[in-house]
Amino acid sequence: GIWLLGNSGSAPKLLTDAPETHHVLHTNAYVLWWNTKTISIYWIVNDAQLPPFQKTREETIYHASGTIQNVLPYPGEQYLLIQEDNTIYTLELDGRGGTRNKQVLYKGEHPFFHASPQEKTLYVYDNGTVLTIELP
């Protein structure tokens, strides 16, 4: 399982006890975990700092039709960068209206990607080539 351990003496919180392998990352605002089919989020900021679109602290925000390969925060924005199969997308964290916008950034053969939290540049390695994509 995945546990959230508070730094203020609060009781640990079980985020998931699912038996399948999960990947985990965190920012100053949230903890994100995913497996090959779903992405879930738990907001760790106080209620006053929750984004206006967020109504609950915890939710599954994405169900993939393909296989999720990688997930990173989009630098400086309320989006995620996700790789599903051989395509890299942006995914909105704002799910008001029951949907989250998802846009293709790159489609390739077998891409690997990285984005630094300090700069809006996506680095993609695919088929022996390194590409940079400037993020808006």
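Let's start with one pair of residues: H23 stands opposite W34 in strand 4. Keep in mind throughout that this is a predicted model.

H23 and W34 take us to the start of a sheet. Strand 3 and strand 4, residues 30-34, pair in the antiparallel sense. They do so over 4 bridges. A hairpin of 3 residues joins strand 3 to strand 4.

What order do the strands of this sheet take? The order is 3-4-5-6. It is an open sheet of 4 strands, and the pairing is antiparallel. Now the edges. Strand 3, at 23-26, and strand 6, at 58-63, each have a single partner strand, so one side of each is left without a neighbour in the sheet. From one strand to the next, the twist averages 20°.

Move across to the other edge. Strand 5 covers residues 38-43 and is joined to strand 6 by 5 bridges. Those two strands run antiparallel. For a landmark, take I39, which stands opposite Y62 in strand 6.

A word of background on pairing. Strands of a sheet pair through backbone hydrogen bonds, and they can be parallel or antiparallel.

Let's step back to the whole chain. How many helices and how many strands are there? The chain has 0 helices and 13 strands. Read from the N terminus, every element is a β: β-β-β-β-β-β-β-β-β-β-β-β-β. The radius of gyration is 15 Å, close to the 14 Å that the globule rule gives for 136 residues, so the chain is as compact as a globular protein of that length. Along its principal axes, the C-alpha trace spans about 50 × 35 × 30 Å. Of the 136 residues, 43% count as buried.

Next, another sheet. This one is also open, with 4 strands in the order 7-8-9-10. Its pairing is antiparallel. Which strands stand at its edges? Strand 7 and strand 10, the latter at 102-107. Each has a single partner strand, so one side of each is left without a neighbour in the sheet. Here the twist averages 25° from one strand to the next.

Walk through it in order. Strand 7, residues 68-73, is joined to strand 8 by 5 bridges, and the two run antiparallel. P73 stands opposite L80 in strand 8. The two strands form a hairpin with 5 residues between them. In that turn, G76 has a positive phi of about 70°.

Now strand 8 itself, residues 79-84. Is it largely enclosed or left open? Of its 6 residues, 5 are buried, so strand 8 is largely enclosed by the rest of the structure.

On to strand 9, residues 87-92. Strand 8 is joined to strand 9 by 6 bridges, again antiparallel. Y79 stands opposite E92 in strand 9. The hairpin of strand 8 and strand 9 has 2 residues between the strands. D85 in this hairpin takes a positive phi near 55°.

Then the last step of the sheet. Strand 9 and strand 10 pair in the antiparallel sense over 5 bridges. T90 lies in strand 9. Its bridge partner in strand 10 is Q103. Is T90 buried or exposed? T90 has a relative accessible area of 11%, under the 20% cut-off, so it counts as buried. For a sense of distance, T90 and L14 are 76 residues apart in sequence. In space they are 28 Å apart, C-alpha to C-alpha.

One general point on strands. In a regular strand, the side chains alternate between the two faces of the sheet.

Finally, the pockets. The largest pocket has a volume of about 200 Å³. Which residues line it? They are L4, L5, G6, N7, S8, S10, A11, K13, Y42 and I44. By class, that lining has 5 nonpolar, 4 polar and 1 charged residues. Y42 links back to the sheet we began with, as strand 5 spans residues 38-43.

The second largest pocket has a volume of about 160 Å³. Its lining is T27, N28, A29, Y30, P73, Y74, G76, E77 and Q78. By class, there are 4 nonpolar, 4 polar and 1 charged residues. Two of these names have come up already: P73, opposite L80, and G76, with its positive phi in the turn.

Notes: Residues are numbered from 1 along each chain as its sequence is written. This is a predicted model: local features need pLDDT of at least 70, side-chain atom pairs count only at pLDDT 80 or more; totals for chains, interfaces and linings use all residues. Side-chain values use heavy atoms; hydrogens and water are left out. Two strands pair if DSSP finds at least two bridges between them. Axes are lines fitted to C-alpha atoms, for helices over the stretch in contact, and angles run from 0 to 180 degrees between N-to-C directions. On a 1 Å grid over the protein atoms alone, a cavity is a set of points where a 1.4 Å probe fits but cannot get out, and a pocket is an open set with protein on both sides within 12 Å along at least five of seven lines; lining residues have an atom within 4 Å of a point. Grid points are joined across faces, edges and corners, and a volume is the space filled by probe spheres set on the points. Ala, Val, Leu, Ile, Met, Phe, Trp, Tyr, Cys and Pro count as nonpolar, Asp, Glu, Lys and Arg as charged, and the others, Gly among them, as polar. The radius of gyration is taken over C-alpha atoms; the globule rule is 2.2 Å times the number of residues to the power 0.38. Buried means under 20% relative accessible area, exposed over 50%, partly exposed in between (1.4 Å probe, protein chains only).
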